[in-house]
Amino acid sequence: MDVDPSAAGPSQPPGSDAHEQTQQADAVVETTTTEVVQVVPAPPPQETSESMDVEQQARLDLAAVAAAPPEEIMATQPSEDQPVDQPIAVQLTDVGSVAIEAPASNTDEPRREDESMAVDEPESASSVIPVATQAPAPLTANQGESQSLPSQLANGDAPVPPALAPPPSSESPFLVPGAQPPASGPETQISSINTNTNTTASLPKTITRTGFVYDMQMMLHCQDGYIPTTDDVLDSGEGHPEEPMRIKRIFARLREAGLIGRMKKLPIEQVTEEQVALVHAPGHWDKVQGTEFMTDEFIQESKHYYEQLSLYVCRETAMCARLSCGGVIQACLSVCKGEVRNAFAIVRPPGHHAEPDEHMGFCFFNNVAVAAKEVQRQGLAKKVLILDWDVHHGNGTQRAFWDDPDVLYISIHRHDGGRFYPTSDFGALDMVGTGAGEGKSVNIPWPCAGFGDADYIYAFQRIVMPIAYEFAPDLVIISAGFDAAEGDALGQCLVTPPAYGHMTHMLCALAGGKVVVALEGGYNLNAISNSSLAVAQVLLGETPAELGPLEASEIATEVIWQVAKVQSKFWKSIDVKSCEPPEVNNTEQEKPVIGIPDLLKIHRAHHMFTKHGLYQIPLASSDLESAFGGQVICSEGVYEPGVLVVFIHDFGNLRVETDGVSTTNVQLENSYLLDTSDTVVNWVKSSKYSLVDVNILRQFPTQYAQGAPKMVSKSGPELEARLLRYLWDNYIELSEAENVVLIGHGAGCAPLMDLVNTRDVQGKVKAIVQVAGMHSIVRIDPNNETRRAWFRKARLQVNQIWVPETHSVLDDERVRRRLGDQIFSTSKAKVVDVLNHALPEIQSFVASKLPTPLVEPEQAAPLTNGHAEVEVDGSAAGPSTASAAPPISAA
């Protein structure tokens, strides 16, 4: 056919030679020197055999188009005076898929289901979303031969993908700006393509599309005597659940929703023995291939053997298994190479139960495992995340990567204590991998049926996504079984299509969006179709459907907490505390929760009373009582003449052993409280001193805070400082004890020095000891010269400061000169150890500051409840049985 090179708009009229040539059955593709594709009226489509794959016929007919240099076809608007039956000029750019459609007539008659199709581009072409004309019509195709399906599958069941025809709206994201859909016209076909590349027209930006894998030949794997489930049946019922209509229904649902036209079909190559050997044992390939040569009699005889493995076979089984595995491989390769943005592999039979040396559970080759190994072998991805949300545990996939550090396998499944298929403990939460792969297997096992959207989303937020982000995969493969969907009789769970969409949406944020969805299980035909639709919509960039208010079940939160405790040993991002289930309280009163500090306070008050005969001092201030109630205790002789030791200290060391790193499950038998205040109390009692013991219950550090001040002028924690001032005003100053010793331990040093700076203590206080540990030191008030001189006078030397030898204050020469011989150091670091190490010298220092007794006092009477005789204002309510004055002795 000759084409006028000057034609830039409508081509030759119907009466020309070109119009006559269109009466031929085959489309003719020619190269011209213009930037024009002529689309002319096509003859009525020829009848095709029922067993013919219509899409394959069209692909054979348009082989010449596919062989042309990859360019995009963009429709331009015809001029107003152009008849609707005239050819339409089409500009060439970078080809994606070609879709040429036109109406059979100008009527509004509905389009037949087989009147449109998409034509695949060559592999070298960039993937784009082309513009198609309005009102589809079939492409004329030569008749060819293809493998016929069984009669049960061939009667009109062959799905035909629709044309890539977006709605005729100027707002459609797939229309070229300014272009309008062409007017309705007769059926059309491609007549001529110009390959001249010297075009000055502006080219649109190439958009990478979502790919899909689908081949009807995978429906050939079926049971003997299988009768296809009709379209009005939602569940396959009592028949074998893994039936051929599963993939047909999914494909049909995507086609009905217009998604197939927006996706790129990827070619399938059957998996090779070399690829299978990346995962499976050498004899496994032969085991599967042997089914191709089985006689009908042998298939019947071996039926019981395969049923024990939850399998059925026919002579087409091996071919379908090769296609299924090869399809997932192709999807992964196309995504990793950037040929498509992401991909959906609509394949069967599934694969995640197939172990390296055994086929089982409807699975023959482990599709996703082989695909992951293949992309790693080709160097297209190093780290691969496999997320398996099939309701059954993917035992085969987990075993394939049990010791592999570069493949992270996460499975959310029913486990039922090992009673749910595949009925083993391999899917338990403590199955984490071994060797280099330890921590790379993450199992979230539901203990029963009935888990739904809130539980799955909660598992994703608390476990799946934190670990996935920390792993940072190069490729994400979803083992997408939809048998946890609501309505599936095998899974008996309640996950809805929107939840599947949200889970897919979260995973698409990983690996730069390189996500492959590979079909696994799912046996309710309606549920898997709608769930697949929700997933495919997200892959195409749509926002997932909104979910209502979600609240995870109590069982789910408990499972997630247990999983978090196990996985926190391997993943820093797992926050065990945030995964703790809420406390259950069936009463209307306050929750029966008692804090650890409260328990320790109760313990200490009881311990000090039973062992040392010390009693609580009431605090009139409500806020002080709330903070320190029960933590200020004293001996009976606190108001008597003699020596009064005021000991302000931390609680001690609470040593706790947990089940693992960053967990909160305390091993009580290996946890204990190291309370060194007993040592000081024993010394005070043995020396016949009176005692006021103040426990401020503060945490204390083991190293100096970075950037913190080395000296804090005149200030300590306000609440603790108020407590010390209150005790001085109401008890210590009113006491007849003329010799007061102040000992601060750990965080107690700061309020002690605040008391020294704010009260006139010089008349009573004979010695001050600070066991500071790694805490900051509060210095004497520099603005009070009298107190400062008393504190620093070498002749008196009332103060001792004990710090670890690594304390930063020792590095400050100016501070050391100011403190002079008041500061002492020890090799111990923890404040508890500093006190124990320095106590003998502290005892000697205190004894040296106290006056020598002239008369040995009588032995103190037995201790009684003197606390009941002390009022808040310090007045005596009754006689005391304590001795008049305790003896004064050296340590």
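Which side chain does a polar contact of 2.8 Å join to that of Asp693? In this predicted model, the partner is His649. A further polar contact, of 3.0 Å, links the side chain of Asp693 to that of Arg604. Asp693 belongs to strand S18, which spans residues 690-695, and its relative accessible area is 0%. Because buried residues are those under 20%, Asp693 counts as buried. Beyond its neighbours within four places in sequence, Asp693 touches Arg604, Gln631, Val632, Ile633, Phe647, His649, Ser677 and Val681.

Strand S18 leads naturally to the sheet around it. Eight strands make up this open sheet, in the order S13-S14-S18-S15-S20-S21-S23-S24, and the pairing is mixed. Its edges are formed by strand S13 (615-616) and strand S24 (823-826), each of which pairs on one side only. Strand S23 (residues 799-804) runs parallel to S24, and four bridges join the two; Val803 has Ser825 in S24 as its bridge partner. Two helices lie across this part of the model. Helix H20 (residues 677-686) crosses strand S15 (643-649), S18 and strand S20 (739-745), at about 165° to S18. Helix H22 (residues 749-758) lies across S15, S20 and strand S21 (765-771), and its direction makes about 145° with that of S20.

A second open sheet is also worth a look. Here eight strands follow the order S6-S5-S7-S12-S11-S8-S9-S10, with parallel pairing. At the edges stand strand S6 (263-265) and strand S10 (441-446); each has a single partner strand, so one side of each is left without a neighbour in the sheet. From one strand to the next, the twist averages 15°. Strand S5 (residues 210-213) pairs with S6 in the parallel sense over three bridges, and Thr210 is placed opposite Met263 in S6. Helix H14 (residues 497-507) packs on this sheet, where it touches strand S8 (384-388), strand S11 (475-480) and strand S12 (515-519), and its direction makes about 165° with that of S11.

Finally, there is a helix pair to consider. The axes of helix H13 (residues 453-471) and helix H16 (residues 554-567) come within 10 Å and cross at roughly 10°. Since angles under 35 degrees count as roughly parallel, H13 and H16 are roughly parallel to each other. On the H13 side, the contact involves Asp455, Tyr458, Ala459, Arg462, Ile463 and Ile467, which meet Ala556, Thr557, Ile560, Val563, Ala564 and Gln567 in H16. By residue type, this contact of H13 with H16 divides into eight nonpolar, two polar and two charged residues.

Terms used. Residues are numbered from 1 along each chain as its sequence is written. This is a predicted model: local features need pLDDT of at least 70, side-chain atom pairs count only at pLDDT 80 or more; totals for chains, interfaces and linings use all residues. Side-chain values use heavy atoms; hydrogens and water are left out. Buried means under 20% relative accessible area, exposed over 50%, partly exposed in between (1.4 Å probe, protein chains only). A polar contact is a pair of N or O atoms within 3.5 Å; within protein, one must be able to donate a hydrogen and the other to accept it, and residues adjacent in sequence count only if both atoms are side-chain atoms. Contact means heavy atoms within 4.5 Å. Axes are lines fitted to C-alpha atoms, for helices over the stretch in contact, and angles run from 0 to 180 degrees between N-to-C directions. Angles under 35 degrees count as roughly parallel, over 145 as roughly antiparallel, 65 to 115 as roughly perpendicular and the rest as oblique. Ala, Val, Leu, Ile, Met, Phe, Trp, Tyr, Cys and Pro count as nonpolar, Asp, Glu, Lys and Arg as charged, and the others, Gly among them, as polar. Two strands pair if DSSP finds at least two bridges between them.
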